[in-house]
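Got the viewer open? Let's take a short walk through this one, selecting a few residues at each stop.

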Amino acid sequence: MAVEPGSTPATEALARLTEERVDHRFRGLPPDADGLTVAELAAQRRNLFTDGFTTPVLALSAERLEHNLRLMATYATRHGLAFAPHGKTTMAPQLFRRQIEHGAWGITLAVPHQVRVARAFGTQRIFLANELVDAAALRWIAGELATDPSFEFVCYVDSVRGVELMHAALRGGTARPLDVVVELAAGEGARTGVRTEAECAAIADAVAAAPTLRLAGVAGYEGEVPEADPERVHAWLRRLVALAVDFDKAGRFQGLDEIVVSAGGSAWFDAVADVFADIPGLSAPVLKLLRSGAYVSHDDGHYRRLTPFNRVSEEGALEPAFRLWAQVVSRPTREQAFVNAGKRDAAYDLDLPFAQVVRRGGTQRPATGVEVTALSDQHAWLRTTPEADLEVGDWLGMGLSHPCTSFDKWQLIPVAEADGTVVDYIRTFF
């Protein structure tokens with residue numbers, strides 16, 4: 001690979017993605033593209049509908065992707081929030097880079113493998129929104145911290161036992177302490193996290209006693225608040241802020257350049273903005289870290305219903321960027337049809353796909369009278385009403401629900417402009 005002037009290991013790693021050869025591993029791509037590099041295929045600017053792509057094929061809208069990236073960057077800036085979007089949604093280093101270019105502080109991740117992917121592509125700030133007690137992973141992260149002084153890493157702790165395991169794994173092998181935040185649970189019956197403030201204090205004491213660790217702040221996930229509504233979510237976020245204030249008054253953040261207070265999924269980031277705006281002055285500047293991730297592609301189901309932009313419409317609106325294209329392969333009755341995309345191709349953990357448009361002979365129209373009622377492994381079952389104009393051979397464009405389980409089914413995703421011109425390909429690493 002030719003090295004460009006001023007390139008870095010990160011940019012070189014991203015460039016190497018474009019040198020990967022297209023072949024049978026990547027669904028939906030034109031068979032006659034086999035052997036081309038991704039860069040060569042992208043340079044051809046093929047049309048998704050007329051230049052050899054095969055169904056099923058998942059595509060991202062270039063325009064909507066850029067719109068969503070800009071909108072959330074603007075939202076975070078407007079509300080004085082640092083932004084570390086959750087990378088587990090896409091596991092796409094190209095999108096990590098675009099998020100950072102749009103002003104993101106860093107990338108949030110969930111498990112050590114994801115951290116390794118992000119580091120392989122040069123991500124310099126990582127917030128691990130999970131507990132980390134795996135000794136091998138901890139030693140690897142310690143090595144990253146030792147060899148790269150500019151690398152910043154923060155993770156959750158929620159038990160004294162976890163602190164003990166971390167310290168045992170890191171003892172004798174850390175160039176600098178590993179930063180941790182105490183995770184406050186969203187309530188009884190919620191997911192991970194500490195249930196009481198007294199337990200939070202005990203864990204903070206354990207961190208203070210472990211020279212391999214440093215207490216950097218507090219965090220949690222408001223999406224786990226039981227029976228979540230605006231009042232309950234705001235109350236929990238105020239409790240999180242109060243925990244940070246109490247820790248600061250007790251001198252637990254002594255010596256920090258900044259104090260991390262972090263929350264924020266994709267359903268309640270407006271509540272995070274509201275409550276974090278009122279964080280009082282502490283002994284060091286506060287890094288108000290928002291972690292929403294599904295915004296990148298948004299969706300046509302779960303997050304379309306839950307997005308805070310439904311409540312704060314004056315601040316803009318996210319746009320669903322995914323569309324799954326499949327072909328009608330069977331029309332056994334006037335009330336039923338089948339397309340060649342199923343569970344292996346479409347997210348279905350929250351909602352079935354949504355029939356949106358039909359293409360035939362270069363024209364596109366709404367999928368009136370067409371409904372996806374079930375999925376088999378490789379088929380979607382369609383119910384059709386009398387007004388449905390659907391024939392074998394037609395292409396059906398479907399919207400999807402839940403970005404996280406859409407990205408993880410596809411290794412190489414075409415990015416298409418509105419007229420179908422494919423301008424890029426997004427590589428995922430799940």
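**Stop one: a pair of buried rings**

Select Phe49 and Trp395 to begin with: both of them are buried. Keep in mind as you click around that this is a predicted model. Show the two rings as sticks and you'll see an edge-to-face aromatic pair, with 5.9 Å from centre to centre and 70 degrees between the planes. Now colour by secondary structure. Phe49 sits in the loop between α2 (38–43) and β1 (57–61), while Trp395 belongs to strand β16 (residues 395–399), so this pair ties together parts that are 346 residues apart in sequence. Add Trp325 to the selection, and you have a cluster of Phe49, Trp325 and Trp395 linked by ring pairs.

**Stop two: another ring pair**

How many aromatic pairs does the structure hold? There are 13, and the next one to pull up is Tyr75 with Phe309. Their ring centres are 5.6 Å apart and their planes make 80 degrees; anything over 60 counts as edge-to-face, so that is what this pair is. Tyr75 comes from helix α3 (residues 62–78) and Phe309 from the loop between α11 (302–306) and β10 (322–333), so the pair ties together parts 234 residues apart in sequence. Buried or exposed, these two? Tyr75 and Phe309 are both buried.

**Stop three: two helices crossing**

Switch to cartoon and select helix α1 (residues 9–17) along with helix α4 (residues 93–101). They pack at an angle of about 135 degrees, and their axes are 10 Å apart. That angle makes α1 oblique to α4. Rotate the view until one helix lies over the other: α1 passes α4 in a left-handed crossing. For the side chains, show Ala10, Thr11, Leu14 and Leu17 on α1, then Pro93, Gln94 and Arg97 on α4; these residues make the contact. By character, the contact of α1 with α4 divides into four nonpolar residues, two polar and one charged.

**Stop four: Arg427**

Last click: Arg427, in strand β18 (residues 422–427). With a relative accessible area of 10%, Arg427 falls under the 20% cut-off, so it counts as buried. What does Arg427 touch, leaving aside its neighbours within four places in sequence? Its contacts include Leu17, Pro93 and Gln94, which you may still have highlighted from the helix stop. Also on the list are Glu20, Arg25, Phe26, Met91, Ala92, Gln411 and Leu412. To finish, draw a distance between the C-alpha atoms of Arg427 and Met91: they are separated by 8.4 Å, though the two residues are 336 apart along the chain.

Note on methods: Residues numbered from 1 in each chain as written. Heavy atoms only, no water. Axes fitted to C-alpha atoms, helices over the stretch in contact; angles between N-to-C directions. Helix = DSSP H or I, 4+ residues; strand = E, 2+ residues; numbered from the N terminus. Parallel < 35°, antiparallel > 145°, perpendicular 65-115°, else oblique. Left-handed = near helix turned anticlockwise from the far one by under 90°. Contact = heavy atoms within 4.5 Å. Nonpolar A, V, L, I, M, F, W, Y, C, P; charged D, E, K, R; others polar. Phe/Tyr/Trp six-rings, centres within 6.5 Å; stacked < 30°, edge-to-face > 60°. Buried < 20%, exposed > 50% of the residue type's maximum accessible area, 1.4 Å probe, protein only.
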